Amino acid sequence: MTSGRTVLGWTQGHIAYPAPVVVREVGPLGILLVPDHLAATPRTRLQLQMQCFENEIGFIPTAPSLPLSEDDGLRFARARRAELLDALVQFDGLGQLTLSMTWKFPTKRLPKRICGRERLRKRQALHSVSDQQHRTALAIIDGCANPVIDSRTRQQNQRVERDILISKRCLDGILNGIRKHADEYDADGLNLTVTGLWPPFSFVQSFSGNKEAVL
Amino acid sequence: MALEMHMAAPSDALASSDARLVDVVDGLLRHGVVIRGELWLTVADVELVFLGLDLVLAAPDTVRRAGAA
């Protein structure tokens, strides 16, 4: 049996919530809830969480990709009250910027009539161009990440992403710093995308519960 | 040639179909509070099976609805 509401996160001590968000109080905590049909996809849940964040609600967000029912959110709030309250204090006034550096793998076509050794040498040269771009991307992104409270880096093929945890009050200064830093680079083929400010999704901890079953 | 740079507010990123912004949003969707569970099955103090569970702390019909969405 479910209540038909989805949890967006946990909060404390706020009065005005943007519709359709409602709050269920559990002691000192509040659970941010929306009707299931309005939060049916990860993207709609993220949009609703953004709505809360932009309304200056301090909250610990759930992962948008993993829907959490009201009953489960309630059980969690009761079981982990102290940890959630600590996290609310820890992340008060903070948000994250996401810096994404991308580049293209060089697509220079190799001639058809070419011996094996030469082909390998040319392919190696293309990889070394891509490696150089990777190093430049890391150097640029390292220079952008100041001053931050914490950061998380992810790397994939031809992409480096860094989430940086910052104070909301420092946003404009940090964005100006990133712009200035990016202007200093002569980096053909590299692309920097900065998005935010987001709720601190990448920094809220994973809560764990251990159980032992003895047979 | 200078580094190509774009800045996007969350609302723009969420509404955009630009592949770079879609990738950024996809990366965010996977983060946030994830409730994990760990289960050990033990016989006579010997740990036989370890199960690591990433959330699915949701009612079955909720999961089915999310899967269908």
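1. Let me start at Arg159(A), which you'll find in strand β7 of chain A. Keep in mind that this is a predicted model. With a relative accessible area of 8%, Arg159(A) falls under the 20% cut-off, so it counts as buried.

2. What does the side chain of Arg159(A) do in there? One polar contact goes to the side chain of Ser100(A), at 2.9 Å. Another goes to the side chain of Glu161(A), at 2.8 Å.

3. The wider surroundings of Arg159(A) draw on both chains. Leaving aside residues up to four places away in sequence, Arg159(A) touches Ser100(A), Met101(A), Thr102(A), Trp103(A) and Arg154(A), and from chain B it touches Arg20(B) and Asp23(B).

4. Now the sheet itself. Five strands make it up, running β6(A)-β7(A)-β5(A)-β8(A)-β1(B); it is open, and the pairing is mixed. At the edges sit β6 (150-156) of chain A and β1 (4-8) of chain B, each of them paired on one side only. On average, neighbouring strands are turned by 15° against each other, direction ignored.

5. Where do the two chains join up in this sheet? Look at strand β8 of chain A (residues 190-198), which pairs with β1(B) in the parallel sense, over five bridges. To pick out one spot, Asn191(A) has Glu4(B) in β1(B) as its bridge partner.

6. Two helices deserve a look here. Helix α4 of chain A (residues 116-144) packs on the sheet and touches four strands of chain A: β5 (94-103), β6, β7 (159-167) and β8. The direction of α4 makes about 160° with that of β5(A). Chain B sends in helix α2 (residues 19-29), which also packs on the sheet, touching β5, β7 and β8 of chain A together with β1 of chain B. The direction of this α2 makes about 45° with that of β8(A).

7. On domains: the assignment for chain A gives domain 1 as 5-91 + 202-214, and domain 2 as 94-198. Their C-alpha centres lie 33 Å apart. Eight residues from domain 1 of chain A and 13 residues from domain 2 of chain A take part in the contact.

8. How much area is buried between domain 1 of chain A and domain 2 of chain A? About 890 Å², with carbon and sulfur atoms giving 63% of that. On the domain 1 side, I'd look at Phe53(A), Ser202(A) and Phe203(A): they supply 65% of the area that domain 1 of chain A buries against domain 2 of chain A, more than any other three residues.

Methods
Residues are numbered from 1 along each chain as its sequence is written. Chains are lettered from A and ligands numbered from 1 in the order in which they are written. This is a predicted model: local features need pLDDT of at least 70, side-chain atom pairs count only at pLDDT 80 or more; totals for chains, interfaces and linings use all residues. Side-chain values use heavy atoms; hydrogens and water are left out. Two strands pair if DSSP finds at least two bridges between them. Axes are lines fitted to C-alpha atoms, for helices over the stretch in contact, and angles run from 0 to 180 degrees between N-to-C directions. Contact means heavy atoms within 4.5 Å. Buried means under 20% relative accessible area, exposed over 50%, partly exposed in between (1.4 Å probe, protein chains only). A polar contact is a pair of N or O atoms within 3.5 Å; within protein, one must be able to donate a hydrogen and the other to accept it, and residues adjacent in sequence count only if both atoms are side-chain atoms. Domain bounds come from an automatic or database domain assignment. Buried area is the accessible area (1.4 Å probe) that two parts lose on being put together, summed over both.
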